[in-house]
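Work through the following exercises with the sequence and the model side by side, taking each solution one step at a time.

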Amino acid sequence: MIFFLLTGIVFTANGCKKESNEDSETELLGSILSQESAIQAACQRFILSESSCVATTDSSASVCSGLISKLKGEILPQELSTDAVAILYFDCFTKTNYTYNIAKACNQNSFNSNSDYRRVQRTGTSQAEISWREAFNQCGSLENEVPPSDSGISETDTILRSDPF
């Protein structure tokens, strides 16, 4: 009986050992990577919002780092250009794209590429494109527009210098 009690205490004590420096570093690295994953996920959602109307869609793995960099480069003031703020912009633009897709009644053959999709949004003359430009400008606080109240962008005290895409 005493043998089992002592064995239990020894095993329990080993389970309570102090976390090593390596474990702390691994946890910190995991935390940093998960933050990167959040911005990657936001970019992927943005690309996905375009893909439902595009025949040959961009691979988010190949374009997201560039899109993230461009978007963060357009956020003013630059010192507030964080991943968290960029995620809010990506999410606002994603919502705007889905609204456009419904208004346009597009399908995967409506545009040849993501570039065509974006070009038509910016230059088209239909009501869908006009409404998209207004919503896009609101998201980015472009042309003196104000972001949607549910986007969280107003609370960041940021604007976009210009269209990042």
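Helix axes are lines fitted to C-alpha atoms over the stretch in contact, and the angle between two of them is taken between their N-to-C directions. The model examined here is a predicted one.

**Exercise 1.** Determine how helix α4 is oriented with respect to helix α5, and which residues meet.

Step 1. The axes of α4 (residues 83–104) and α5 (residues 114–123) come within 13 Å and cross at roughly 80 degrees.
Step 2. Angles of 65 to 115 degrees count as roughly perpendicular, and therefore α4 is roughly perpendicular to α5.
Step 3. On the α4 side the contact involves Asn97, Tyr100 and Asn101, which meet Tyr117, Val120 and Gln121 of α5; sorted by class, this contact has three nonpolar, three polar and no charged residues.

**Exercise 2.** Describe the largest nonpolar core and the helices that supply it.

Step 1. This core has 31 residues, and those with the most contacts inside it are Tyr89, Phe90, Phe93 and Phe111.
Step 2. At least two residues each come from α2, α3, α4, α5 and α6, with α4 giving the most, namely eight.
Step 3. Tyr89 touches, among others, Leu71, Ile75, Cys139 and Ile153.

**Exercise 3.** Compare the accessibility of the residues in the salt bridges Asp91–Arg45 and Glu50–Arg118.

Step 1. Asp91 and Arg45 meet at 2.8 Å, N to O; Asp91 lies in α4 and Arg45 in α2, so the pair ties together parts 46 residues apart in sequence.
Step 2. Asp91 is partly exposed at 30% relative accessible area, and Arg45 is partly exposed at 37%.
Step 3. In the other pair, whose closest N and O atoms are 2.7 Å apart, Glu50 of α2 and Arg118 of α5 are 68 residues apart, and both are buried.

Conventions
Residues numbered from 1 in each chain as written. Predicted model: local features only at pLDDT ≥ 70, side-chain atom pairs only at ≥ 80, totals over all residues. Heavy atoms only, no water. Axes fitted to C-alpha atoms, helices over the stretch in contact; angles between N-to-C directions. Helix = DSSP H or I, 4+ residues; strand = E, 2+ residues; numbered from the N terminus. Parallel < 35°, antiparallel > 145°, perpendicular 65-115°, else oblique. Contact = heavy atoms within 4.5 Å. Nonpolar A, V, L, I, M, F, W, Y, C, P; charged D, E, K, R; others polar. Core = buried A, V, L, I, M, F, W, Y, C linked by side-chain atoms within 4.5 Å. Buried < 20%, exposed > 50% of the residue type's maximum accessible area, 1.4 Å probe, protein only. Salt bridge = Lys/Arg side-chain N within 4 Å of Asp/Glu carboxyl O. Lists of a residue's contacts leave out its neighbours within four places in sequence.
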